[in-house]
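Student: Got a minute to go through a structure with me? I'd like to look at some helix packing and a few single residues.

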Amino acid sequence: MATLSGRTRFRYSLGSFVTGSFGTVPGLVLVKYLTDTMAVPAGWAAAIVFVPKAWDVLFNPVAGRLSDADLLKTGSRRRFLLIGGIGVAILFAAMFAHPGFGDPLPDALYVAVMFAACATAYALFQVPFNALPAELTESATERTKLTSVRIGVLAVTILICGGGAPAISTGIGGVAGYRVMALVIGLIVLAATLLVYFGLKDAPVGALRPNTVRLGELVRTLAAWRPFRWLLGTYFIQALGIGTVLAAIPFFAQRILGSEGYGTILFVIFVGPALVTMPLWPRLGDRVGKLNGFRLATAAFALGLLGLVFAQSIPLVVSFVFVALCGVGYAGISVFPLAILPDLITAEEERTGETRAGIAAGVWTAGETLGLAFGGGLWALILAFGGYVSSTDATAFQPHSAIVAILVGASIIPGVLIALALPLLRRSVLEPRRELA
């Protein structure tokens, strides 16, 4: 079995700058960009945020088949990494170029088309990127090491790009701020793509070749696999809450805390504790059990969010404490589903004698993507329900109903979504029971 060098692990993991950027930045800034620079009504923004992400999920199987075919033809998936990554870099910058057609409708359609095209390019990158670990080495131990480095780089990416993007856009201000932000993110994505493409040129290639799962097999597997459906449902609901929180941050900072500049601070306070505590949650899980750890993390996140409903009447530092508590809980709800999932896969494979890892990975990714996309769309619908007034310079006077919608939508609604996981975390379903010999 091939042993991967530290250099190979690191070069592969640089692809997380592509996946982390596209996975985080649009969720943070796109709704605000649409409503507060293009004067796009919040209801329209909901569709623009959701539809391209949903298309990404539908296109993934197509991208998988194209990638598989290219692998058989050339012996490598690297070409799709290059095409997809360059496409993401260019189209991401184009998405925030703001051509200024002079009317919200054509401006909104332009963003929708660019976002959908960017999502398509992202699928071309993401699918081969996720398939590579199984092909670089046949060793499960080596793949675990590779994934650990990738997760570490992903965490750094989320902190840098998630914190930096709103800092650039608000620091410069207006349309120019978004253009510069998108250009910077695009250059980061381009650099990461080139480093992965050329860095893996001489990397070892294992014998494993995962095949794209057909729809019939997928449906049959999920119909008979109740624990996986249960865990995925829990994860989807919480991803919906997280997506809502990410989209709410810039609005909450400006309209509730009083300054759009607080957006970057809130994000850093949220992600920072998450990075620090992420290695600690598995240790707690070893002592109290994964499900109990998952419950504690869920409770921490939900309590932090619910505490923010008092943000207008408590000291700013107390609001920051609640945000930090959210970050601690977020780390846990990120760790435990991925810790429970392999147990479910192993138990199902032992029960059926059939491979389940490939199906689980594809459906899991789709569920997370849809949850985050629904979250951004839900946030835009909350703004529309509250009567949020869109504008071209973010200075429009907001009615009391819009302020209430922002406050409730950034705290109570995602808090309830996160907490909904608690009754779903049933030991009888999510702890595999193996038949006694």
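**Helix packing and a few residues**

Tutor: Sure, let's start with Ser13, which sits in helix α1, residues 6–13. Keep in mind that this is a predicted model.

Student: Is Ser13 buried or exposed?

Tutor: Ser13 is buried, because its relative accessibility is 0% and the cut-off for buried is under 20%.

Student: And what does Ser13 touch, beyond residues up to four places away in sequence?

Tutor: With those set aside, Ser13 touches Leu146, Val149, Arg150 and Val153.

Student: OK, on to packing. At what angle do α2 and α7 pack?

Tutor: About 170 degrees, with the axes of the two helices 11 Å apart. Helix α2 covers residues 16–37 and helix α7 covers residues 174–199. That angle makes α2 roughly antiparallel to α7, since anything over 145 degrees counts that way.

Student: Which hand does the crossing of α2 and α7 have?

Tutor: α2 passes α7 in a left-handed crossing.

Student: Which residues meet there, α2 against α7?

Tutor: From α2 you have Phe17, Val18, Ser21, Val25, Val29, Lys32, Tyr33 and Thr37. On the α7 side they meet Val175, Tyr178, Met181, Ile185, Ile188, Val189, Ala192 and Thr193. The contact of α2 with α7 has twelve nonpolar residues, three polar and one charged.

Student: Staying in α2, what about Thr35?

Tutor: Thr35 lies in helix α2 and counts as buried, at 0% relative accessibility. Leaving aside neighbours within four places in sequence, Thr35 is in contact with Val40, Ala42, Ala45, Phe251, Tyr388, Ser390 and Ser391.

Student: How far apart are the C-alpha atoms of Thr35 and Ser391?

Tutor: 6.3 Å, although Thr35 and Ser391 are 356 residues apart along the chain.

Student: Ser391 again. Where is Ala396 found, and what is Ala396 in contact with?

Tutor: Ala396 is in the loop between α14 (357–385) and α15 (400–410). Not counting neighbours within four places in sequence, Ala396 is in contact with Arg255, Val389 and Ser391. Ala396 is buried too, with a relative accessible area of 15%.

Student: What's the gap from Ala396 to Val175, C-alpha to C-alpha?

Tutor: 16 Å in space, and 221 residues in sequence.

Student: New topic: how do α10 and α13 pack?

Tutor: At about 40 degrees, with their axes 7 Å apart. α10 and α13 are therefore oblique to each other. α10 passes α13 in a right-handed crossing.

Student: Who makes the contact between α10 and α13?

Tutor: α10 brings Tyr262, Ile265, Leu266, Ile269, Phe270, Pro273, Ala274 and Thr277. α13 brings Leu316, Phe320, Val323, Ala324, Cys326, Gly327, Val328, Tyr330 and Ala331. The contact of α10 with α13 divides into 15 nonpolar, two polar and no charged residues.

Student: Thr277 is in that list. What does the side chain of Thr277 reach?

Tutor: The backbone oxygen of Pro273, at 2.7 Å. Thr277 also touches Val328 and Ala331, leaving out residues up to four places away in sequence. Thr277 is buried, at 15% relative accessible area.

Student: Last one: where does Gly289 lie?

Tutor: In the loop between α11 (280–288) and α12 (290–307). Gly289 is partly exposed, with a relative accessible area of 25%. From Gly289 to Phe336 the C-alpha to C-alpha distance is 10.0 Å, with their positions 47 residues apart in sequence.

Technical notes
Residues are numbered from 1 along each chain as its sequence is written. This is a predicted model: local features need pLDDT of at least 70, side-chain atom pairs count only at pLDDT 80 or more; totals for chains, interfaces and linings use all residues. Side-chain values use heavy atoms; hydrogens and water are left out. Axes are lines fitted to C-alpha atoms, for helices over the stretch in contact, and angles run from 0 to 180 degrees between N-to-C directions. Helices (H or I, at least four residues) and strands (E, at least two) are DSSP runs, numbered from the N terminus. Angles under 35 degrees count as roughly parallel, over 145 as roughly antiparallel, 65 to 115 as roughly perpendicular and the rest as oblique. A crossing is left-handed if the near helix is turned anticlockwise from the far one by less than a right angle, and right-handed if clockwise. Contact means heavy atoms within 4.5 Å. Ala, Val, Leu, Ile, Met, Phe, Trp, Tyr, Cys and Pro count as nonpolar, Asp, Glu, Lys and Arg as charged, and the others, Gly among them, as polar. Buried means under 20% relative accessible area, exposed over 50%, partly exposed in between (1.4 Å probe, protein chains only). A polar contact is a pair of N or O atoms within 3.5 Å; within protein, one must be able to donate a hydrogen and the other to accept it, and residues adjacent in sequence count only if both atoms are side-chain atoms.
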